[in-house]
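Please open the structure in your viewer and keep the selection tool at hand. The tour proceeds in short stops, each beginning with something to select.

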Amino acid sequence: MKKQTLLLKLALIVISLLMILAAVIVVPTILKNTHTDLGGLVWPFGIGFYAMIALVLLAVYQSWQLLTLIDQRNVFTAPSVAALTWIKRAAYSVTIIFAALLPIFYVWVQAEDAPGLLLLALILTGIAFVIGLFANILAQLLASAIQIKTENELTI
């Protein structure tokens, strides 16, 4: 089990590094280059980007905590449900932010003449929503399993 969680932890490290790279290099470059295209919309655009990066890093941290609980064989505990709940909240928040930024993305795409960027934004919105749904289902299943485990411990 440790090999699989090690691979997932490495993936989380890569995701974290990519998010930090995006926060330090990519987002400032985009904001600098789109300042003339977006005008006053550059601030909400930048704040939305940085909020999404922070939420993704929160979800990565909670995923790391969940993998640590799996390694310790403490999956059927309340902290696991709490971690999944935080992942769900972060994913839904990213979905809401992406959806709110779609009109700004549209203005940017029209100015840059790059329709693929709008498609990418729509795909990322859908991915964040699916991750939120999956985390929600897992949290409910885990809560049910914990309840059954507790009932079985009390009957024995």
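The stops below take the helices in pairs, then the cores, and then some single residues. Please bear in mind throughout that this is a predicted model.

**Stop 1: the pair α1 and α2**

Select residues 2-38, which form helix α1, together with residues 42-71, which form helix α2. The axes of these two helices come within 10 Å and cross at roughly 175 degrees. An angle over 145 degrees counts as roughly antiparallel, and α1 and α2 are therefore roughly antiparallel to each other. The contact of α1 with α2 is made up of 23 nonpolar, seven polar and three charged residues.

**Stop 2: the pair α2 and α3**

Keep α2 and add helix α3, residues 78-112. At what angle do the axes of α2 and α3 cross? The crossing is at roughly 160 degrees, and the axes come within 9 Å. That angle makes α2 roughly antiparallel to α3. In the contact of α2 with α3 there are 24 nonpolar and five polar residues, and no charged ones. The crossing of α2 and α3 is left-handed.

**Stop 3: the pair α3 and α4**

Now hide α2 and show α4, residues 115-155, beside α3. α3 and α4 pack at an angle of about 165 degrees, and their axes are 8 Å apart. As a result of that angle, α3 is roughly antiparallel to α4. Sorted by class, the residues of the contact of α3 with α4 are 30 nonpolar, six polar and one charged. α3 passes α4 in a left-handed crossing.

**Stop 4: the nonpolar cores**

Display the side chains of Phe45, Phe49, Met52, Val94, Leu101, Phe105 and Trp108. These are the residues with the most contacts inside the largest nonpolar core, which has 23 residues. Which helices supply this core? At least two residues come from each of α1, α2, α3 and α4. The largest share, nine residues, comes from α3.

Centre the view on Met52. Apart from its neighbours within four places in sequence, Met52 is in contact with Val94, Ile97, Phe98 and Leu101. A second, separate core has seven residues, and Val81, Leu84, Ala139 and Leu142 are among them.

**Stop 5: Lys32**

Select Lys32, which is placed in helix α1. Is Lys32 buried or exposed? Its relative accessible area is 67%. Exposed means over 50%, so Lys32 is exposed. Next, add Val42 to the selection: Lys32 and Val42 are ten residues apart in sequence, and their C-alpha atoms are 8.9 Å apart in space.

**Stop 6: Arg73**

Move to the loop between α2 and α3 and select Arg73. Most residues other than glycine have a negative phi. The phi of Arg73, in contrast, is positive, near 60 degrees, in a residue other than glycine. With a relative accessible area of 66%, Arg73 is exposed.

**Stop 7: Val130**

Finally, select Val130 in helix α4. Val130 has a relative accessible area of 52%, and it is therefore exposed. How far apart in space are Val130 and Phe76? From C-alpha to C-alpha they are 23 Å apart, with a separation of 54 residues in sequence.

Notes:
Residues numbered from 1 in each chain as written. Predicted model: local features only at pLDDT ≥ 70, side-chain atom pairs only at ≥ 80, totals over all residues. Heavy atoms only, no water. Axes fitted to C-alpha atoms, helices over the stretch in contact; angles between N-to-C directions. Helix = DSSP H or I, 4+ residues; strand = E, 2+ residues; numbered from the N terminus. Parallel < 35°, antiparallel > 145°, perpendicular 65-115°, else oblique. Nonpolar A, V, L, I, M, F, W, Y, C, P; charged D, E, K, R; others polar. Left-handed = near helix turned anticlockwise from the far one by under 90°. Core = buried A, V, L, I, M, F, W, Y, C linked by side-chain atoms within 4.5 Å. Buried < 20%, exposed > 50% of the residue type's maximum accessible area, 1.4 Å probe, protein only. Contact = heavy atoms within 4.5 Å.
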